[in-house]
Amino acid sequence: FTFPGPVNRPVWPRASVPLAGFLEAHVDTFREELQALLADGRFNGLYWGGEVSLTQFAPQLDDWQMVSLVKNRQRVERVCSQAPRSCELLARRRELMACGAGDAGAGF
């Protein structure tokens with residue numbers, strides 16, 4: 001179920017969240033690799049073949065699936081082998097690779 005009409009916009013100025021600018025600068029890479037995984041069915045295999053977690057941050061509007069690229073300061077290599085450019089970009093970010101919060105990371 002979706003709610004039509006809400007306007008999506010940044011909550012904080014981009015300059016105060018450096019990771020946001022980085023993600024926006026590389027959105028084409030992330031989108032390309034995600035769309036390839038969805039198009040040929042590899043996404044579902046990665047989801048069901050790993051840690052299954054429910055989240056509202058899913059790549060499709062009709063599901064709750066997510067696969068982690070980076071989790072708990074580590075690259076998830078079985079996923080990174082399928083999205084190498086996205087993982088390489090994310091692995092450069094200290095906010096992800098040095099974050100001490102439990103269950104922190106980034107994914108599709």
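The following dialogue examines how the named features of this predicted model are justified.

Trainee: How do you know that Cys 80 and Cys 87 are joined by a disulfide?

Mentor: The sulfur atoms of Cys 80 and Cys 87 are 2.1 Å apart, and the criterion is a pair of cysteine sulfur atoms within 2.5 Å. The pair therefore qualifies as a disulfide. A search of the whole structure finds one such link.

Trainee: What is the handedness of the link between Cys 80 and Cys 87?

Mentor: The link is left-handed, with -85° about the S-S bond. Both Cys 80 and Cys 87 are buried.

Trainee: Why is Cys 99 called partly exposed?

Mentor: Its relative accessibility is 22%. Buried requires under 20% and exposed requires over 50%, so Cys 99 falls in between and counts as partly exposed.

Trainee: What makes Arg 73 noteworthy in its backbone, and where does Arg 73 lie?

Mentor: Phi of Arg 73 is near 70°, a positive value in a residue other than glycine. Most residues other than glycine have a negative phi. Arg 73 is placed in the loop between S1 and S2. At 39% relative accessibility Arg 73 lies between the two limits, so the term is partly exposed.

Trainee: Why is Asp 103 called exposed?

Mentor: The relative accessible area of Asp 103 is 57%, and the threshold for exposed is over 50%; Asp 103 is therefore exposed. Asp 103 belongs to the loop between helix H6 (94–97) and S3, and its phi is positive, about 65°, although Asp 103 is not a glycine.

Trainee: How do you know that S1 pairs with both S2 and S3?

Mentor: Pairing requires at least two bridges. S1 and strand S3 (residues 105–107) have three bridges, and S1 and strand S2 (residues 74–75) have two, so both pairs satisfy the criterion. Each pairing is antiparallel. Lys 71 has the bridge partner Gly 105 in S3 and the bridge partner Gln 74 in S2.

Trainee: What connects S1 to S2 in their hairpin?

Mentor: Two residues stand between S1 and S2, and Asn 72 in the turn has a positive phi of about 50°.

Trainee: Why are S2 and S3 placed at the edges of the sheet?

Mentor: The three strands form an open sheet in the order S2-S1-S3. S2 and S3 each have a single partner strand, so one side of each is left without a neighbour in the sheet. H5 packs on this sheet, touching S1, S2 and S3, and its direction makes about 25° with that of S1.

Trainee: How do you know that the buried residues of H5 lie on the same side of the helix?

Mentor: The buried residues of H5 are Ser 86, Cys 87, Leu 89 and Leu 90. They cover an arc of only 160° around the axis, which puts them on the same side of H5.

Trainee: Which residues of the largest nonpolar core touch the most other members?

Mentor: That core has 21 residues, and those touching the most other members are Phe 30, Phe 43, Val 67, Leu 69, Val 79, Leu 90 and Phe 108. Elements that each supply at least two residues of this core include helix H2 (27–39), helix H3 (42–48), strand S1 (68–71) and helix H5 (84–91).

Note on methods. Residues are numbered from 1 along each chain as its sequence is written. This is a predicted model: local features need pLDDT of at least 70, side-chain atom pairs count only at pLDDT 80 or more; totals for chains, interfaces and linings use all residues. Side-chain values use heavy atoms; hydrogens and water are left out. A nonpolar core is a set of buried Ala, Val, Leu, Ile, Met, Phe, Trp, Tyr and Cys residues joined through side-chain atoms within 4.5 Å. Buried means under 20% relative accessible area, exposed over 50%, partly exposed in between (1.4 Å probe, protein chains only). Helices (H or I, at least four residues) and strands (E, at least two) are DSSP runs, numbered from the N terminus. The arc is that of the directions from the helix axis to the C-beta atoms. Contact means heavy atoms within 4.5 Å. Axes are lines fitted to C-alpha atoms, for helices over the stretch in contact, and angles run from 0 to 180 degrees between N-to-C directions.
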